[in-house]
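This briefing is written for a reader who wants to go through the fold and the ligand surroundings step by step. The points are grouped by topic after the display.

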Amino acid sequence: MADYLTDIVAYHRRRAALDDESFTSLLAGLDAIEPRPSLRSALLASAGLGVVAEFKRRSPSKGWFVEPETDVATRVSAYERAGAVAVSVLTDTPHFGGTLADLERAAQHVELPIVRKDFIVDARELLRARRAGASAVLLIAAALQPEEVASLAGVAHDVGLEVLLEIHELSELELAELAAADVVGVNQRDLTSFRVDTDRARRVLAALPPGAARLAESGVRGPDDLAGLVGFDGVLIGEACMRARDPYATVRALVERGASVHQDLRHHESV
Ligand SMILES: O=C(O)c1ccccc1NCC(=O)[C@H](O)[C@H](O)COP(=O)(O)O
């Protein structure tokens with residue numbers, strides 16, 4: 001029996017095979033579009049553990065978090081006002097209830113860097129991401145062959161996108177160099193079983209490459225979960241932001257705790 005990730009990636013490969021728009025036509029005029037602010041710089045400049053707040057209407061593991069017609073603009077604007085350093089937008093429709101139009105609308109309403117979070121297996125999706133207003137695209141190590149990581153990352157960089165390379169295991173870290181990743185994300189959710197291991201990010205932190213920004217992903221339910229992620233530049237939070245009745249207050253509390261966990265560490269180091 002196939003696992004969840006294999007099923008989702010197979011869907012995206014089938015979709016790419018049916019896509020009849022050419023790379024060349026999507027490339028036309030792209031260099032005239034102003035690049036968005038950098039995700040890597042925003043993470044590295046953040047005073048503490050920067051919060052990347054996510055817009056995902058549903059997930060395959062948990063079902064719907066909000067009504068299917070929930071507007072992206074209001075929510076990401078609240079994330080920005082609350083001090084998030086970047087926004088992540090899920091653009092997969094069948095599994096996450098998102099669209100590329102959501103990302104485009106988010107880009108029209110916030111100044112923050114925006115990550116296109118999807119299961120990208122085809123270079124044309126990179127061009128669409130850039131056109132829609134993404135700063136960075138997610139490449140998932142477990143979903144791609146090493147040569148695909150290298151070639152997709154090469155195209156992304158050529159068109160002015162940053163690469164967020166997502167890993168789960170230390171064995172996938174060599175792909176970060178291959179991709180010249182701008183940000184390395186450690187996803188604490190096993191995408192084959194959906195199980196979250198809240199120690200996973202901490203275990204691999206010391207081995208992450210020094211040049212890339214370091215992002216912990218998944219499984220953060222609230223401010224108290226941030227203490228275990230000290231040492232990362234940022235944390236990507238989806239469900240907790242989406243379930244929030246008051247997204248501003250929820251993200252604000254996460255941002256404040258994200259800043260103070262680093263202050264706590266500096267205090268401990270100085271005594
Ligand atoms: O969210 C899921 O259930 C999921 C299932 C399979 C593949 C990917 C999945 N999510 C994408 C993400 O990586 C998360 O949305 C992101 O890291 C935030 O996670 P969380 O804060 O736990 O919602």
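**Ligand shell, barrel and a buried loop residue**

The residues of the shell around the ligand comprise seven nonpolar, six polar and five charged ones. The model discussed here is predicted, and in it eight strands close into a barrel with parallel pairing.

**Ligand surroundings**

- The ligand is surrounded by 18 residues, and the closest are Ser59, Ser61, Ser218, Gly238 and Glu239.

**Barrel**

- The strands follow one another around the barrel in the order β1-β4-β5-β6-β7-β8-β9-β10, and neighbouring strands of this sheet are turned by 25 degrees against each other on average, direction ignored.
- Helix α4, which spans residues 72–82, packs on the sheet and touches both β1 (50–55) and β4 (86–90), while its direction makes about 170 degrees with that of β1.
- Strands β7 (residues 162–167) and β8 (residues 183–187) pair in the parallel sense over four bridges, and within this region isoleucine 167 has valine 186 in β8 as its bridge partner.

**Strand β6 and its neighbours**

- Strand β6 (residues 136–140) is largely enclosed by the rest of the structure, because five of its five residues are buried.
- Burial applies to both faces of β6, with Ala136, Leu138 and Ile140 on one side and Val137 and Leu139 on the other.
- Strand β5 (residues 114–117) pairs with β6 in the parallel sense over two bridges, and arginine 116 stands opposite valine 137 in β6.
- Between β5 and β6 the chain passes through helix α7 (residues 123–132), and this β-α-β crossover is right-handed.
- Strands β6 and β7 run parallel and are joined by five bridges, with leucine 139 standing opposite leucine 165 in β7.
- The chain crosses from β6 to β7 through helix α8 (residues 146–158), in a β-α-β crossover that is right-handed.

**Aspartate 233**

- Aspartate 233 is placed in the loop between β9 (213–217) and β10 (234–237).
- Is this loop residue, aspartate 233, buried or exposed? Aspartate 233 has 25 C-beta neighbours inside 10 Å and therefore counts as buried, since the cut-off for a buried residue is 20 or more.
- Leaving aside residues up to four places away in sequence, aspartate 233 touches Leu43, Leu44, Ser46, Gly50, Ala213, Arg214 and Leu215.
- Aspartate 233 and alanine 212 lie 21 residues apart in sequence, and their C-alpha atoms are 9.8 Å apart in space.

Definitions and conventions:
Residues are numbered from 1 along each chain as its sequence is written. This is a predicted model: local features need pLDDT of at least 70, side-chain atom pairs count only at pLDDT 80 or more; totals for chains, interfaces and linings use all residues. Two strands pair if DSSP finds at least two bridges between them. Axes are lines fitted to C-alpha atoms, for helices over the stretch in contact, and angles run from 0 to 180 degrees between N-to-C directions. Two residues are in contact if their C-beta atoms, placed from the backbone, lie within 7 Å. A residue is near a molecule or strand if its C-beta atom, placed from the backbone, lies within 6 Å of it. Ala, Val, Leu, Ile, Met, Phe, Trp, Tyr, Cys and Pro count as nonpolar, Asp, Glu, Lys and Arg as charged, and the others, Gly among them, as polar. A residue is buried if 20 or more other C-beta atoms lie within 10 Å of its own, exposed if 12 or fewer, and partly exposed in between; C-beta atoms are placed from the backbone. A crossover is right-handed if, with the strands pointing away from the viewer, the path from the first strand over the helix to the second runs clockwise.
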